[in-house]
Amino acid sequence: MAFQLGASSSSLPSSPSIHPKNHDVFLSFRGKDVRHKFISHLNRALRQSGIKTYMDGVNLERGEQISSEVFKAIEESRISIIVFSKNYAESKWCLDELLKILECKKTFKQIVLPIFYEIKPSDVRDQKGGLGQAFTKLGKKIKDDIKLLEYWKEALEEVAKLSGLEYTAFGDDESEFIQKYIIGWINSRIVNQTPLSVAMYPVGIDCRKRDIYQHLSIERNDIIRIVGIFGTGGIGKTTISKDIYNQIYSQFEGSCFLSNIREISKQAGGLIQLQNTLLFDILGTSLDVRDTDKGINVIKHRLCSKRVLLILDDVDEVVQIEKLVGDRSWFGLGSRIIVTTRDQQLLKISEVDSEYELKLLGDNEALRLFSLHAFKKDEPFDEYVDLAKQIIQYAKGLPLALAVLGSDLKGKSTHQWKSALNKYKNIPNRNIQKVCLVSYEGLDNNEKEMFLDIACFFKGKPLPDIMNIFDSCGFFPNDGIDRLKDKCLITIEGGFVWMHDLLQDMGREIVRLESPNEPGQRSRLFFHEDVRHVLEESMYQGTNKVAGMIIEMPKGEEVISLNSEAFVQMKRLRVLINRNASFSSGPNYLSNELRVLDWFEYPLQSLPPNFHGNKLIIFKMRGGFIRELSFIKFKNMTIMKFSDCDFLTKVPDVSSIPNLKELIAKRCTNLVEVHNSIGSLEYLCKLNFFGCSNLEIFPISLKLRSLRSLDLGHCSSFRSFPEVGCEMKSLTRLILSSTAVEELPLSIGNLTKLDELFLHGCKNLKRLPINIILQLQHFESLGIFGGCTNRVKKMGYDGQSILAIGSTTMEDEISWNEEKLQELEPPTNSSNGSNALQVLNRQNCFQSESNFFPISSFFTMFDSSTTLTYLDLSGSEFVSLPTSIKGFVALIELDLRDCTKLEEILELPPNIELVDAKGCNSLERFPEVSRILEFNGSHIKSLQGIVLNGCDKMHEKIWNYKVPNPSLWKGVCVSPDWGVIQMFWKVQIDPLFLISSQKM
């Protein structure tokens, strides 16, 4: 929670060298080509987006050397954008910048984006065309420095192989190109590189970090190391792990800081949520894991070749480590894992490699931290010195308590300090909670209400939801939440509200003491025994004082025999959350003051007749018998969520709920109809009907300008996707997997920001407006063929470019191909200035054993400007991966799992990192594997791994393969489970995993 960063980490002998990042973007360009056009537009767009940009403003004279200031700016930038133009290579300055940028890419993992302005990447790679002429011209001027020329040439070749963007004046407007391709790309990278928020004054961190760096052994890339940090609550475990994360994450291929694990894992689906967060943060793509066991396998298979940094913060159960880390073999060599906990025994059970105990602050450190919070300076004012020294004795060196006390006393007079000191003296045993209680007592009534609500109900919940609830209660949260933050009573992290456990316990104790012996007289109920007494026994019946209740029963004690009058007197009840209790009967009354109603297995078909719900903000039902929703007229509601409500048949008219932001009905298997009004909600952000297997009736048109995610996955009766009635700029994710959808409408083009589309298992899919889809330039993830058993029948250009899929015979398709293939002329132009569709060559057309397979045509439709980074073709039935896959220049991960008929993979994309061919038991021809085995080196520098688990024919080839120089392999072993040779930098026990020899 608290430490002060003294000397920079680079001054610590055991810590890695870190450069501060003062710029988001460094621009490298040839001034006379682009300064007053493209660069001017780009710089303006970057600055308007709040992206800190370094652009040198000096036009250099011939022969002038690059300045140290520019070198420093490159080192201090997160991203370098290199704009190659025809005269770029005639400038010694530009080429020296290029060398420095590539050095930073290698040393500091700086992100590099090449933009080829009116030239081709091949011009840069081969030094030809206008750029080649410019380079030759420069070479004649400095012909004596052959070595420098060679360095520049190698740099040009290297950077040309990176994923980049091409700009052509004929096809793109400069401003549109910049907004469409560059700004969004940079924003996503900056978010991923943004450091974690650390405590305002992290005092005393230097020596502790030095010790932990020694435990981590960062310099060793041949091991995987797990380090545990333990200590009492509030001592600063999270703070120090965040600071370490910020300073070393850039040295890893992927990183993730999983915070508040103890709290999140208690929630329903909490461990699944944590697994998804881990995968998303490291891979940069959402895999939507649905159960923890599957999540374990996904983590193992996707991360076992990556050098990652993973921090598990606030772990309190071994199962959390088992589901998130499990075994060191889940991660690539050089990975580091840090676990923070209060329980040292947990670290011993988990067999971490090293343990580090975090100690309390010494007196000098404690005084400094307290002073920074109280005076915003390292030492107290003279008249406060003695008082400050006395007060910090009550905090016992605990950073949390020092921060709370200092913040509470800030700006107060010495007389007020003396008064506070007298209160501390009356606290027996210097109880930390009671010391912090003094800060709570300085809040006004509304602030106290919000603090107690967070302590009892809302810790870890989204800030916007909490603000809406508190605002509807008249608590004035805009000021009050800031006040709680200023007094260090809460923190806001990633848009969620958190509170330290010690402060939460303090808040709950305040509530308990309102009526120690009669729970029904308290303002809030949260302890399961108190809740049971109030709901079951008339003598403990709740009163008008009860404002909130959360019901969370121990396992085996979930059944509650509800007293029919239990809720009648609770007229002021604002929050009712039932996490897991099963009620013998339902309530006959609910307060109309409710802002939150969240009920597990609701026992009735409808809510009580008295309940109007006009103040309801959040309405959730999980399981139970709820059937009738026609009563819903909750005008203030923002979230409506149902899951596993098997009696629910219809989502009614919601036009009277204009502020609805989330509508979720997951696994409601008898839900048949969703009212047409859903399609016109102005503020709706999330729409999810996953697993509603009988859903048939859906809005005929969608005009949801705020919608970000639409999930209709496994709605197996859903046949007709609606028209998209307006441009929906916010929608980025569309899931239609395992639906009965037969076609997508042409209006799908209105989903202009769509980057993820999933159509796996759509067995009835017949027609796709493929050219429309290809114009959605933000595509990053696509899953389309797995389980789509129909075949391509024809593909024509009728002005709409429909890819039609039909179940026809081999003879029909051969006949059609012979007669019609020549008619398939590609479009003469497209939105990006190049052919979006290309004619299929006949060799690729007949690679399926039985039919003309759609994948052949699919691959030829992407040009080199596509942004697709993840492609899932698992379960497809093609025999050969078309060689045109190499045109997918941005593709990083290719999923070919369980393509049981796949026999050969002849080509791979140029920037691929991972190929997962698990379960491809017919695969026998894979030249890239042969290259790796022969140690000639993969020509794909980015390649990190190939998963071949279950590829029996490949296993046999590898087993019999004569490796020319086996001493070069880091590890070779025989697995008794599969009887195959496994060749890794680290020995894997699970899937066969080959790693490119360039990674040695």
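**Exposure, strand pairing and backbone angles in a predicted model**

Lys753 is partly exposed, with a relative accessible area of 35%; here buried means under 20% relative accessible area, exposed means over 50%, and partly exposed lies in between (1.4 Å probe, protein chains only). The structure is a predicted model, in which local features need pLDDT of at least 70 and side-chain atom pairs count only at pLDDT 80 or more, while totals for chains, interfaces and linings use all residues. Residues are numbered from 1 along each chain as its sequence is written, and side-chain values use heavy atoms, with hydrogens and water left out.

Lys753 sits in the loop between β28 (733-735) and β29 (756-758); strands (E, at least two residues) and helices (H or I, at least four) are DSSP runs, numbered from the N terminus. Together with Lys703, Arg705 and Lys729, Lys753 forms a positive surface patch. Members of such a patch have over 30% relative accessible area and no salt bridge, and like charges are joined within 9 Å. A salt bridge is a side-chain nitrogen of Lys or Arg within 4 Å of a carboxyl oxygen of Asp or Glu.

A very different setting is found at strand β3 (residues 77-84). In this strand, 8 of the 8 residues are buried, so β3 is largely enclosed by the rest of the structure. Strand β1 (residues 23-29) pairs with β3 in the parallel sense over 6 bridges, where pairing requires that DSSP finds at least two bridges between two strands. Within this pairing, Phe26 has Ser80 of β3 as its bridge partner. Strand β3 also runs parallel to β4, and 6 bridges join the two. Here Ile79 is partnered with Ile111 of β4, and Ser80 stands opposite Val112. Ser80 thus appears in both pairings, facing Phe26 and Val112. As for β4 itself, 6 of its 7 residues are buried, so this strand too is largely enclosed by the rest of the structure.

Two backbone angles also deserve a look. Most residues other than glycine have a negative phi. Glu118, although not a glycine, has a positive phi of about 60°. Glu118 lies in the loop between β4 (111-117) and α5 (121-126) and, at 46% relative accessibility, counts as partly exposed. Asp314 is likewise not a glycine, and its phi is positive at about 65°. Asp314 belongs to strand β8 (residues 308-315) and is buried, with a relative accessible area of 15%.

Methods
Patch = residues over 30% accessible without salt bridge, like charges linked within 9 Å, V, L, I, M, F, W, Y side chains within 5 Å. Areas by Shrake-Rupley, 256 points an atom, 1.4 Å probe, with all protein chains shown as cover. Lys, Arg positive; Asp, Glu negative; His and termini not counted. Charge placed at Lys NZ, Arg CZ, Asp CG, Glu CD.
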